[in-house]
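The following note sets out points on the fold for a colleague's consideration. It proceeds element by element, with the sequence and coordinates alongside.

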Amino acid sequence: METDKVQMSTEQWNAIAKGYARLREPLTLPYGLDTLAAIRIAPGERLLDVACGTGAVALAAARQGTEVLAVDWSPGMVDFLSARAFEERVENLTARVMDGQNLELPTSHFDAACSVFGIMFFPDYRAGLSELLRVLKPGGRVGLAVWGTPSRMEHLAIWERAVHTIQTQAPNFPRPNAWVQLDSQEKLHQEMQRAGFRDVSVTPVVHEWEVPSPQWFIENADSSQSISEHFGLDCPDQLLQVIQRQLRQKYGDRPFTLTAHAHIGIATK
């Protein structure tokens, strides 16, 4: 499927900002904390979080005493994070609207940088990598978290399986080109080296997502309308019915866990 058909717009990211923290952070934050631990952030250091989303990773870093600048191209995400930081009285975190492919920031300024499931959605991920390298101080550390293939992410495999039940000739889960180019240990390593990073190390990471029930997943986990459209279908209600049947056959009405495979790339400038 063409990249422009699956690339989310700024307006789409704005629209999901309010619910993202509640629905997605339980899934994504463990990988973000792994990334922070791997780049060894320290109190007083400057950290740049690119494509910060609703800010769980940025807040975790700020709570450790790091001076954090969190940027995202979605004003909705930035506003949400700014409100969270204000409510929690986190004064060492600043959130700004900014394009990670063209950072309006000085060269050689940050001690560390991260992007947790961010650059993999950029139209030009190589520009994003180049900008991360540029703004780091010599010897600065970078950490990137990137999802693996959808087949190794059980919450996406649920949707893909349901789509193929309805339309056997439907494509596999559609993804932006950046995700496709960064979805393995080897690919991520190669692209980080190509960008000019040194001492590149990429580690596979797996965490479990605790889902309260099949009904909760159906009501909250994703948008059946957008998923249906991404696969080239026009049957969101039918898609939900299939998922409901398949999940209840497997789990009944009880809680269940879903695993997701990702890769965390660490390097220095």
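1. Helix α3. The buried residues of α3 are A56, V57, A58, L59, A60, A61 and A62. The helix spans residues 56–63, and because seven of its eight residues are buried, α3 is largely enclosed by the rest of the structure. Just after α3, G65 adopts a positive phi of about 100°.

2. Status and overall composition. The model under review is a predicted one. The protein contains 11 helices and seven strands. Of its 269 residues, 54% count as buried. Considering contacts between residues at least 6 apart in sequence, 78% join residues at least 24 apart.

3. The sheet. Seven strands form an open sheet with mixed pairing, in the order β3-β2-β1-β4-β5-β7-β6. The edge positions are taken by β3 (93–97) and β6 (198–211); each has a single partner strand, so one side of each is left without a neighbour in the sheet. On average, neighbouring strands of this sheet are turned by 20° against each other, direction ignored. As background, strands of a sheet pair through backbone hydrogen bonds, either parallel or antiparallel.

4. Strand β2 and its partners. Strand β2 covers residues 67–72 and runs parallel to β3, to which five bridges join it. In this pairing, V71 of β2 stands opposite R96 in β3. Five bridges also join β1 to β2, and these two strands run parallel. Here R46 is found opposite E67 in β2. Five of the six residues of β2 are buried, so this strand is largely enclosed by the rest of the structure.

5. Helix α5. This helix comprises residues 125–135, and its buried residues are Y125, G128, L129, E131, L132, L133 and V135. A reviewer may note that E131 is listed among these buried positions. Which elements do the buried residues of α5 pack against? The partners are the strands β1 (46–50), β4 (110–116) and β5 (136–147), together with the helices α7 (177–182) and α8 (185–195).

6. The α6–α11 packing. Helix α6 (residues 154–166) packs on helix α11 (residues 236–251) at an angle of about 115°, with the axes 9 Å apart. Angles of 65 to 115 degrees count as roughly perpendicular, and α6 and α11 are therefore roughly perpendicular to each other. The crossing of α6 past α11 is right-handed. On the α6 side the contact is made by I158, W159, R161, A162, V163, T165 and I166. The α11 side contributes Q238, L239, L240, V242, I243, R245, Q246 and L247. Sorted by class, the contact between α6 and α11 has 10 nonpolar, three polar and two charged residues.

7. Residue L27. This residue lies in helix α2, which spans residues 10–39. Its relative accessible area is 5%; since buried means under 20%, L27 is buried. Leaving aside neighbours within four places in sequence, L27 is in contact with W147, H155, W209 and A260. L27 and H207 are 180 residues apart in sequence, yet their C-alpha atoms are 8.1 Å apart in space.

How values were computed: Residues are numbered from 1 along each chain as its sequence is written. This is a predicted model: local features need pLDDT of at least 70, side-chain atom pairs count only at pLDDT 80 or more; totals for chains, interfaces and linings use all residues. Side-chain values use heavy atoms; hydrogens and water are left out. Two strands pair if DSSP finds at least two bridges between them. Helices (H or I, at least four residues) and strands (E, at least two) are DSSP runs, numbered from the N terminus. Axes are lines fitted to C-alpha atoms, for helices over the stretch in contact, and angles run from 0 to 180 degrees between N-to-C directions. Angles under 35 degrees count as roughly parallel, over 145 as roughly antiparallel, 65 to 115 as roughly perpendicular and the rest as oblique. A crossing is left-handed if the near helix is turned anticlockwise from the far one by less than a right angle, and right-handed if clockwise. Contact means heavy atoms within 4.5 Å. Ala, Val, Leu, Ile, Met, Phe, Trp, Tyr, Cys and Pro count as nonpolar, Asp, Glu, Lys and Arg as charged, and the others, Gly among them, as polar. Buried means under 20% relative accessible area, exposed over 50%, partly exposed in between (1.4 Å probe, protein chains only).
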